[in-house]
Amino acid sequence: MLGSHVGLGGKEQFLGSVQEALSYGADTFMVYTGAPQNTRRKDLSEMRIPEAKALMAESGIKEFVVHAPYIINLGNTVKPENFDFGVEFLREELRRTEAMGSTTLVLHPGAHVGEGEDTGIMQIIKGLNLVLDADTKVRIALETMAGKGSEIGTSFAQLARIYDGVTHNNKLRLCLDTCHLNDAGYNVKDDFEGVLAEMERYFPINQVACIHLNDSKNDQGAAKDRHENIGFGTIGFDRLCAITRMPEFADTPIILETPYMSAEEGGKDRTYPPYKAEIAMLRAGVFNPELRKAVVG
């Protein structure tokens, strides 16, 4: 399954998200339940969820994923009020994700904000134990992180420590981000099979709930987290295309989070989503160095 991040807003709300995914030729997608940088959320009754579900059923989209907002940091011990806010907001995001019809909520594990890896990991475990119970319907997919700042989740060993501390860890999954893995030091470009072998020291392959397929602007190990368009970065088209064809991930949502492309139009710079062109390129298995022209049309 191949898709991209899509927006949510305006009068179409979630129905518009599904329509956007279909316009890119996608058969899956990822969406936030509101702006990722703030707490403003539409009531579920206003989000046109029944119409969106009907369109997905009609169009053959069987699975999509939701991404939790960046403002949640379960690793924060410096400001207890921020941790408490993160726990409550994550509870609400789980409720909204279930109502929208997804079983996967992607979460950045958190950052220790200067207090050290061990402290951050224990705080993340505490937060997850507060929101997950035996009746939780949605799986939280912990995303592999690039190592920017004090991020936790930059290695499979760190993520395994979180799993080990969570009581209901059958409700946890993984989200592999190719740019983040590269920037954290894993050799995605030349030895992705080795990356998966390292992962399988800690997790079976079926723990991967989704993949964020992104090229990187950075060299391996840069710890910077700057996404690049498919084939234009340091990972390269061949490797990223090969990941979409791996039988292990045939039923796994693979999501593009690549940057919008800019071009001048009418004397002004405009930005354009690259996803329709990138999805077509990946499905054809042929890199198009003229991607920008294909995107702008």
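In the predicted model, eight strands close into a barrel with parallel pairing, and the order of the strands around this barrel is 1-2-3-4-6-8-9-12. Neighbouring strands of the sheet are turned against each other by 30° on average when direction is ignored. Strands of a sheet pair, in general, through backbone hydrogen bonds, and such pairing may be parallel or antiparallel.

Two helices that pack on this sheet can be described together with the strands that they touch. Helix 1, which spans residues 13-23, packs on the sheet and touches both strand 1 (2-5) and strand 2 (28-31), and the direction of helix 1 makes about 135° with that of strand 2. Further along the chain, strand 6 (residues 139-143) and strand 8 (residues 172-177) are paired in the parallel sense over four bridges, and within this pairing Glu143 has Cys175 of strand 8 as its bridge partner. Helix 5, comprising residues 156-165, packs on the sheet in contact with strand 6 and strand 8, and its direction makes about 165° with that of strand 8.

The pairing continues from strand 8 to strand 9, again in the parallel sense and over four bridges, with Leu176 standing opposite Ile211 of strand 9. Strand 9 in turn pairs with strand 12 (residues 254-256) in the parallel sense over three bridges, and here Leu213 stands opposite Leu256 of strand 12. With regard to solvent accessibility, six of the six residues of strand 9 (residues 208-213) are buried, and strand 9 is therefore largely enclosed by the rest of the structure. In a regular strand, as a general rule, the side chains alternate between the two faces of the sheet.

Two residues were also noted for their backbone conformation. Gln13 has a positive phi of about 50° although this residue is not a glycine, and Gln13 is placed in helix 1, the helix that packs against strand 1 and strand 2. The relative accessibility of Gln13 is 5%, and because residues under 20% are classed as buried, Gln13 counts as buried. Asp225, likewise a residue other than glycine, has a positive phi, with a value near 60°; Asp225 lies in the loop between strand 10 (215-216) and strand 11 (227-228), whereas Gln13 has its place in a helix.

Terms used:
Residues are numbered from 1 along each chain as its sequence is written. This is a predicted model: local features need pLDDT of at least 70, side-chain atom pairs count only at pLDDT 80 or more; totals for chains, interfaces and linings use all residues. Side-chain values use heavy atoms; hydrogens and water are left out. Two strands pair if DSSP finds at least two bridges between them. Axes are lines fitted to C-alpha atoms, for helices over the stretch in contact, and angles run from 0 to 180 degrees between N-to-C directions. Contact means heavy atoms within 4.5 Å. Buried means under 20% relative accessible area, exposed over 50%, partly exposed in between (1.4 Å probe, protein chains only).
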